[in-house]
Amino acid sequence: MAAYRIVKLNDSWKGKTRLFRYWTDSYLDIQIITEQGVSRIEFRKKMFDAPVEKELEVSWMADHMHAPMLFAAMDDDEQIAGYVELNMERWNNRMRVANLFVEEPFRGTGAGTALMEHAVLVAKKAGARMLVLETQSCNMPAIEFYLSRGFAIGGMDLFHYSNEDLEKHEVRIEMMRMLENTNAP
């Protein structure tokens with residue numbers, strides 16, 4: 001694993017966009033089962049017929065965020081290996097991981113772990129009670145990474161992106177990690 005230096009990026013990054021890609025061969029199939037008046041939700045990992053490539057364009061420090069913070073993981077050659085964008089949700093005392101992306105050549109090298117560990121430190125310093133983030137049920141590499149970093153599934157929105165999210169296996173998954181508040185009185 002490489003060592004990364006985490007640096008805060010300044011406001012000159014506001015509004016800049018970046019296209020990110022990921023590949024996945026599996027998804028979380030979501031079933032809502034009702035038996036004898038009791039409903040339960042089941043998540044089962046299933047395989048796509050063929051690997052799927054997804055793209056998304058991110059605009060850094062979007063206006064809808066209260067006080068966004070953008071950090072980069074820098075390698076020894078001063079190349080950006082990845083990014084984490086955070087935003088404090090004051091109304092419920094949670095720190096949101098708005099975006100976490102690792103550049104393709106750096107995936108699997110520890111850049112994502114370094115960025116997530118930094119996010120935890122920033123959130124604790126801010127007194128946040130938890131870190132929260134969103135991903136899609138088809139982004140199994142991200143889901144598995146977040147689970148390995150102490151996150152758990154805390155909710156979902158079956159129709160966040162479109163009316164066909166369930167059929168497309170692209171349901172919004174909310175994940176969260178409770179934090180010990182290091183700034184408590």
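In this predicted model, the largest nonpolar core comprises 36 residues, and the members that touch the most other members are Val84, Leu86, Met95, Met116, Leu131 and Tyr146. At least two residues of this core come from each of the following elements: strand E2 (17–35), strand E4 (69–74), strand E5 (80–89), strand E6 (94–102), helix H1 (111–125), strand E7 (130–136), helix H2 (140–148) and strand E9 (172–178). Among these contributors, H1 gives the most to the core, with 8 residues. Apart from this core lies another one, made up of 12 residues, which include Phe20, Leu70, Ala72 and Phe101.

The surroundings of Leu131 illustrate how the larger assembly is put together. When neighbours within four places in sequence are left aside, Leu131 is in contact with Met95, Val97, Met116, Ala119, Val120, Ala123, Phe151, Met175, Met176, Arg177 and Leu179. Two of these partners, Met95 and Met116, are named together with Leu131 among the core residues that touch the most other members.

Nonpolar side chains are also found at the surface, where Ile32, Ile41, Phe43 and Ile153 form a patch with about 320 Å² of accessible area together. Within this patch, Phe43 has its place in strand E3, which spans residues 38–59; because its relative accessibility is 33%, Phe43 counts as partly exposed.

Strand E3 is paired with E2 in the antiparallel sense, over 18 bridges. One of the residue pairs in this arrangement is that of Asp29 with its bridge partner in E3, Arg44. The two strands form a hairpin with 2 residues between them, and Gln36, which lies in the turn, has a positive phi of about 50°. A salt bridge joins Arg40 with Glu35, the closest N and O atoms being 3.1 Å apart. Both partners are partly exposed, Arg40 at 36% relative accessibility and Glu35 at 46%.

In total, the structure holds 17 salt bridges. In one of them, Glu78 is bound to Arg5, with 2.5 Å between the closest N and O atoms. This pair links distant parts of the chain, since Glu78 is situated in the loop between E4 and E5 whereas Arg5 belongs to strand E1 (residues 5–9), the two being 73 residues apart. With relative accessibility of 46%, Glu78 counts as partly exposed, and Arg5, with a relative accessible area of 42%, is likewise partly exposed.

A further group of charged residues, consisting of Glu89, Arg94, Arg96, Glu134, Arg172 and Glu174, is linked in a network of salt bridges. Within this group, Arg172 forms a salt bridge with Glu134, for which the closest N and O atoms are 3.2 Å apart. This pair, too, links distant parts of the chain, with Arg172 in strand E9 and Glu134 in strand E7, 38 residues apart. The two partners differ in their exposure: Arg172 counts as buried at 15% relative accessibility, while Glu134 is partly exposed, with a relative accessible area of 29%.

Beyond its partner Glu134, and not counting residues up to four places away in sequence, Arg172 touches Arg96, Thr135, Gly155, Met156, Asp157, His160 and Tyr161. The C-alpha atom of Arg172 is separated by 11 Å from that of Ile153, which is 19 residues apart from Arg172 along the chain. Ile153 is one of the residues of the nonpolar surface patch.

Another member of the network, Glu89, lies in strand E5 and is buried, with a relative accessible area of 13%. When residues up to four places away in sequence are not counted, Glu89 touches Arg94, Arg96 and Val132; of these, Arg94 and Arg96 also belong to the salt-bridge network.

Strand E7 also contains Gln136, a residue that is buried, with a relative accessible area of 16%. Leaving aside neighbours within four places in sequence, Gln136 is in contact with Tyr22, Ile143, Tyr161, Glu170, Val171 and Ile173. Tyr161 is also among the residues touched by Arg172. By contrast, the C-alpha atoms of Gln136 and Met74, 62 residues apart along the chain, are separated by 27 Å.

Conventions
Residues numbered from 1 in each chain as written. Predicted model: local features only at pLDDT ≥ 70, side-chain atom pairs only at ≥ 80, totals over all residues. Heavy atoms only, no water. Core = buried A, V, L, I, M, F, W, Y, C linked by side-chain atoms within 4.5 Å. Buried < 20%, exposed > 50% of the residue type's maximum accessible area, 1.4 Å probe, protein only. Helix = DSSP H or I, 4+ residues; strand = E, 2+ residues; numbered from the N terminus. Contact = heavy atoms within 4.5 Å. Patch = residues over 30% accessible without salt bridge, like charges linked within 9 Å, V, L, I, M, F, W, Y side chains within 5 Å. Areas by Shrake-Rupley, 256 points an atom, 1.4 Å probe, with all protein chains shown as cover. Salt bridge = Lys/Arg side-chain N within 4 Å of Asp/Glu carboxyl O. Pairing = 2+ DSSP bridges.
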